[in-house]
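Student: Could you take one part of this model and look at it closely, starting with how it sits in the whole? I would like the cut-offs behind each term as you go.

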Amino acid sequence: MAKPIVYGPRTSVYTRAVLMALLEKKVPHDQVHVEMDDNAHRAPEHLKRHPFGMLPAFEHNGFMIYETVPILTYIDDAFPGTRLMPGDIHRRTRAAQIMSVINSYAYRPLVWGIFVPRTFPRPDRIVDEAAIGEAVKTGEHALKAIEDLMMNPDPFLVGRQISPADLLLECVVHYLDTTPEGQAMLTRLPKIAAWHAAMQLRPSVNETVPQ
Ligand SMILES: N[C@@H](CCC(=O)N[C@@H](CS)C(=O)NCC(=O)O)C(=O)O
């Protein structure tokens, strides 16, 4: 069986989650770097893989997939190794629900509303503090909702077993935690903070830290 190929850089939240899933399942894979900074993700070659010009794209034995959740599902189903999606229907549903909350309500404010303007301030523009303040409110609301969806026992979001939702959320919270607003937010969300600390011990997290 051919090795799967991940198209995208680990600096991309969604690409990193896919790389982490492959590491969790110990699947040998190749990675093709598609640079966001020089707009390679909008070039015709990448638009053939992903018609919306986003990252990542994924290929296995000629089968192409874009959109991270179905890529994560494919990886879990196609390759042997530890199952990432829980067998229990309630835990499985919560994991799917948390991924949907991340995609719909958490990623934009936390990454694009806080991390990006704080980390890459534009030299030609004053940082819009009011917009960051608004992103803190909406992003925190989303993270609090995720905290409320977490299931016992510790340490992962839906129990003792790591799930695709943990991988996706960690990639977002990693960036959030590099900002003063994010660090303050995590003190107000103790369950998410404890979960993030546990995630940082995971080899798949350490091996994919964005550089
Ligand atoms: N719905 C997509 C979202 C992917 C996404 O937002 N990727 C970001 C990088 S983390 C991207 O490609 N951004 C490029 C852009 O917005 O131009 C998925 O689930 O894969």
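Tutor: Happily; what follows goes from the whole chain to one helix and its surroundings, then to a second site.

This is a predicted model, in which local features need pLDDT of at least 70 and side-chain atom pairs count only at pLDDT 80 or more, while totals for chains, interfaces and linings use all residues. Residues are numbered from 1 along each chain as its sequence is written.

The protein chain holds nine helices and four strands; these are DSSP runs numbered from the N terminus, a helix being H or I over at least four residues and a strand E over at least two. Read from the N terminus, the order is β-α-β-α-β-β-α-α-α-α-α-α-α. The UniProt record, in an unreviewed entry, lists "domain: GST N-terminal" for residues 2-83 and "domain: GST C-terminal" for residues 88-211. UniProt positions are given in the numbering used here, feature names are shortened, and annotations may be inferred rather than shown by experiment. Residues 2-83 are 33% helix and 17% strand, whereas residues 88-211 are 71% helix and 0% strand.

As for overall shape, the C-alpha trace spans about 50 × 45 × 25 Å along its principal axes. The radius of gyration is 17 Å, which agrees with the value near 17 Å for a compact globule of 211 residues; it is taken over C-alpha atoms, and the globule rule is 2.2 Å times the number of residues to the power 0.38.

Now for helix 1. This helix has twelve residues and reaches 16 Å between its first and last C-alpha atoms, close to the 16 Å expected at 1.5 Å a residue; the expected span is 1.5 Å times one less than the number of residues. Because eleven of its twelve residues are buried, helix 1 is largely enclosed by the rest of the structure. Here a residue is buried if 20 or more other C-beta atoms, placed from the backbone, lie within 10 Å of its own, exposed if 12 or fewer do, and partly exposed in between. The buried ones include V13, Y14 and R16. Across the whole chain, 38% of the 211 residues count as buried.

V13 and Y14 also belong to the shell around the ligand, along with S12, M36, H41, M54, L55, E67 and T68; a residue is near a molecule if its C-beta atom, placed from the backbone, lies within 6 Å of it. This shell divides into five nonpolar residues, three polar and one charged.

At the other end, K25 lies in the loop between helix 1 (13-24) and strand 2 (30-32). K25 counts as partly exposed because it has 18 C-beta neighbours inside 10 Å. Beyond residues up to four places away in sequence, K25 touches I75, F79, G81, T82 and L84; contact means C-beta atoms, placed from the backbone, within 7 Å. The C-alpha atoms of K25 and S204 are 9.7 Å apart, although 179 residues separate them in sequence. Also after helix 1 comes K26, with a positive phi near 55°.

For the second site, take A106 in helix 4 (residues 89-119). A106 is buried, since 25 other C-beta atoms lie within 10 Å. Leaving aside neighbours within four places in sequence, its contacts are V101, G139, A142, L143, I146 and V172. The C-alpha atoms of A106 and I146 are separated by 9.2 Å, with the two positions 40 residues apart along the chain.

Notes. Nonpolar A, V, L, I, M, F, W, Y, C, P; charged D, E, K, R; others polar. Contact = placed C-beta atoms within 7 Å.
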